[in-house]
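Let's take a walk through this structure together. Have the sequence and the 3D view open, and follow along strand by strand.

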Amino acid sequence: MPEQNNEIANRAFWSGTITFGLVSIPVGLFPANRGHRVSLRMVDDTGTPLSRLYFCPKDEQPIPRDEIVRGYPIEKDKFVVVDDEELEALEPRKTRDIDLRRFVPQEQVDPIYFERSYFLMPATESTKAYKLLAATMQDLKRAGIATFVMRGKEYLVAIFAENGVLRAETLRFHDEIRAPSDIGLPEPGEVDEKAAKRIAAEIRKLNESRLSTAELKDRSAERILSLVKKKEKKGEDVYEAPAEAEEEEEETSVIDLMEVLRRSLEQKKPKRTAAKRSATKRSVRKTAGKTSARKKTTRRKSARKSA
Amino acid sequence: MAARAIWKGTIRIGSVKVPVKLYSAVEDRGIHFRLLHAPDKQPVVQRMVNPESGTVVESKEVRKAYRDEDVLVMLEPEELESLEPEPSRDIEITRFVPSDAVGPQWYERPYYLGPDDSTSQYFALAEALKSEERHGIARWVMRKKEYVGALVPAGDYLMLMTLRHAEEVVPASALPEIPGREPDAKERKLAEQLIAALEDEFDPAAYQDEYRERVMEYIEARAKGKVVKLKKPRAKRTKEPESLAGVLEASLKQRAKEQKSA
C-alpha cells in the first residue's frame with residue numbers, strides 16, 4: 001500500500017481512487033471554481049449580521065433543526081416525507097473509484113455539458129502513476145469519461161489533463177439538455193451567403209489568437225469593492241464584524257488548496273535554503289491571494305497589497 | 001412544446017446587428033424537496049433574525065454589507081442601485097477567438113439563441129461563425145446583472161454560454177508543480193497503448209442519473225401508499241499496484257481479452 005499523502009487526503013473535498021486499467025491512483029478533489037468575488041451579507045440597520053431561521057407558519061415560532069424534515073409535494077398540502085437514511089439507502093454503491101474505462105477526443109465533449117470543475121491531486125507519496133496518466137492524456141489530447149459518487153450523488157465527469165494536473169469537469173446529464181427542436185427554433189432555410197460573407201469579414205476584424213482573462217473581469221464586483229474602500233476610508237457605515245468562526249460558512253477555500261499543495265508537494269523536493277523557501281512561500285501566497293475570491297479575509301489582504 | 005424566451009437582445013459585431021431571443025438550454029431535472037415542520041408537516045418559512053435579540057427583521061428592513069476582514073461595511077439600497085449597470089439590450093461581441101481558446105472550467109450555463117424577427121441575419125451569422133471556426137466573446141446586461149459569455153455555433157443554430165468571471169476560476173498554472181520523477185519511455189508507451197485500447201466516442205446519452213431515478217421511483221411508490229424495503233449500500237474495496245510497467249502490461253492483456261470475448 002503506498003503511503004498516503006495525508007495532507008491532500010485529509011484536506012480534500014472528496015478523496016478516492018482513479019482506476020486506469022489495473023493501475024490505482026489515489027487522489028483528493030479540490031474545487032477549481034469559486035463563488036462570486038463579492039458576496040454581500042444580510043445585516044440589520046445596526047450592522048448586525050442576520051441569521052436565516054426557519055419558522056412554522058402556524059404559530060410563527062422558530063423551529064429547531066431536528067424538527068425539520070424533507071417532503072416531496074405530491075398534491076396540494078400533501079407530502080411524502082423522506083429522511084436521510086432512506087436517501088442514503090437509495091444512494092449508488094459506495095465506490096471510491098473513478099473508473100477510467102473510456103477515453104475520448106477532448107473536443108468531442110461539448111461545452112454545453114460542463115457544469116463545475118475540480119482538481120484531482122495525487123494523494124500518495126508516489127506520484128509516478130499520476131504523472132504518467134496526466135502526461136499521456138495531455139499528449140494524446142484525450143479526456144477520460146467516468147461516473148463517480150460524491151456526497152450521495154452520482155456525477156458524470158470528463159477528466160482533462162492540463163499543465164500536468166488532472167481536472168474533473170462534472171457534466172450535466174443528457175436528459176438535462178434541451179435540443180433546438182425542444183425549444184421550437186425555426187428550421188434553417190437557405191443561408192444568405194452574401195450576408196454570411198459580410199459577417200465573416202466583421203468577425204475577422206475582431207480576431208484574437210487567445211482569450212485574455214482581462215476580458216472576463218467582473219466589473220460589478222469592482223464597482224462594489226471600490227465603494228466599500230471609499231466608505232471605509234471615510235469611516236462611513238463601518239461596523240465591527242463578529243468573529244470569523246461564528247460566520248464562516250464556506251467549506252473549502254482556494255487558499256487552503258494552495259497551502260495544502262505547497263506543504264505536501266514540497267516535502268518531496270530536495271531541501272532548499274531557508275531564504276529560498278520563504279521566497280517561494282511568499283510567491284505562492286501572492287498567487288493564491290490574487291486569484292482567491294471565496295475567503296473574504298484573503299481577498300482583503302490582496303486588495304490592500306495591490307492598493 | 002415550444003419553450004418561452006427568457007430575454008430578448010441584439011448581437012452587435014462591429015456594424016452588424018442580429019436581434020435574438022434567449023432560451024435556457026438546461027432543463028431542471030433536480031428533485032426539489034420542501035422543508036417541513038415535522039410535527040404538523042407544514043412547509044416552513046424562512047425569516048431573517050437578529051441572532052442576539054431574536055428579533056425578526058422584515059425583508060424591506062434588511063440591509064446588505066460587505067465583510068472586509070474584521071469590519072462590515074454597510075451599503076445602502078440607494079448606493080447599490082447607483083452601482084447597477086446601465087440597462088441595455090445589446091450583446092456586444094468584443095473578440096473572436098479560436099474555438100478551443102476557452103477552456104472547460106470557464107463555462108457556466110448554456111442558452112440557445114433563436115432569431116427575433118429576421119431569420120436571415122441569424123442564420124447568416126451562425127454560418128459565418130461555423131465557417132470561421134471561431135467563438136465570440138460577449139458582454140451583456142440581463143436583468144440588472146452583467147454577464148460575460150461565449151457566442152458559439154450549435155449545428156445550424158447559435159448558443160450563448162455564460163462564462164465565469166476571471167476571479168472565479170483557478171488556473172492549473174497557479175498550482176505548484178507536482179514533484180516526482182517523470183515517466184520513462186517504456187511507461188509512456190504502455191500508457192499510450194492502454195489509452196488507445198480504451199479509445200471511444202463521447203456518447204452522453206449512454207449515462208443516466210440513476211440515483212435521481214431511484215429516488216423518484218421510491219417517492220412515487222410511497223405516494224401510492226406502498227411500503228418499500230431499503231438495503232444499506234455496501235462499500236467496495238480496491239487493490240494497490242506493484243510495478244507500474246507490470247500493471248500497465250497486465251491491464252493491456254486484460255483489455256485485449258475483453259475485446260476478444262466481446
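Start at A:Arg41, which stands opposite B:Ala65 in β7 of chain B. Keep in mind as you look that this is a predicted model. That pair belongs to a spot where the chains meet strand to strand: β3 of chain A (residues 41-43) and β7 of chain B (residues 63-68) run antiparallel, joined by 3 bridges.

Now look for another place where a strand of chain A meets a strand of chain B. Here β4 of chain A, covering residues 51-55, is joined by 5 bridges to β5 of chain B, covering residues 45-49, and again the two run antiparallel. To find your bearings, pick out A:Tyr54: its bridge partner in β5 of chain B is B:Gln46.

Stay with β5 of chain B for a moment, since it also pairs within its own chain. With β6 of chain B (residues 56-57) it shares 2 bridges, the strands running antiparallel. B:Val49 has B:Val56 in β6 as its bridge partner. Together, β5 and β6 of chain B make a hairpin with 6 residues between them, and in the turn you'll find B:Gly54, with a positive phi of about 80°.

Time to step back and take in the whole contact. How many residues does it take from each chain? Chain A gives 154 and chain B gives 146. On the side of chain A that touches chain B, the largest share comes from helix α3 (residues 128-140), with 10 residues. Sort that side of chain A by type and you get 77 nonpolar, 28 polar and 49 charged residues.

Terms used
Residues numbered from 1 in each chain as written. Chains lettered and ligands numbered in written order. Predicted model: local features only at pLDDT ≥ 70, side-chain atom pairs only at ≥ 80, totals over all residues. Contact = placed C-beta atoms within 7 Å. Helix = DSSP H or I, 4+ residues; strand = E, 2+ residues; numbered from the N terminus. Nonpolar A, V, L, I, M, F, W, Y, C, P; charged D, E, K, R; others polar. Pairing = 2+ DSSP bridges.
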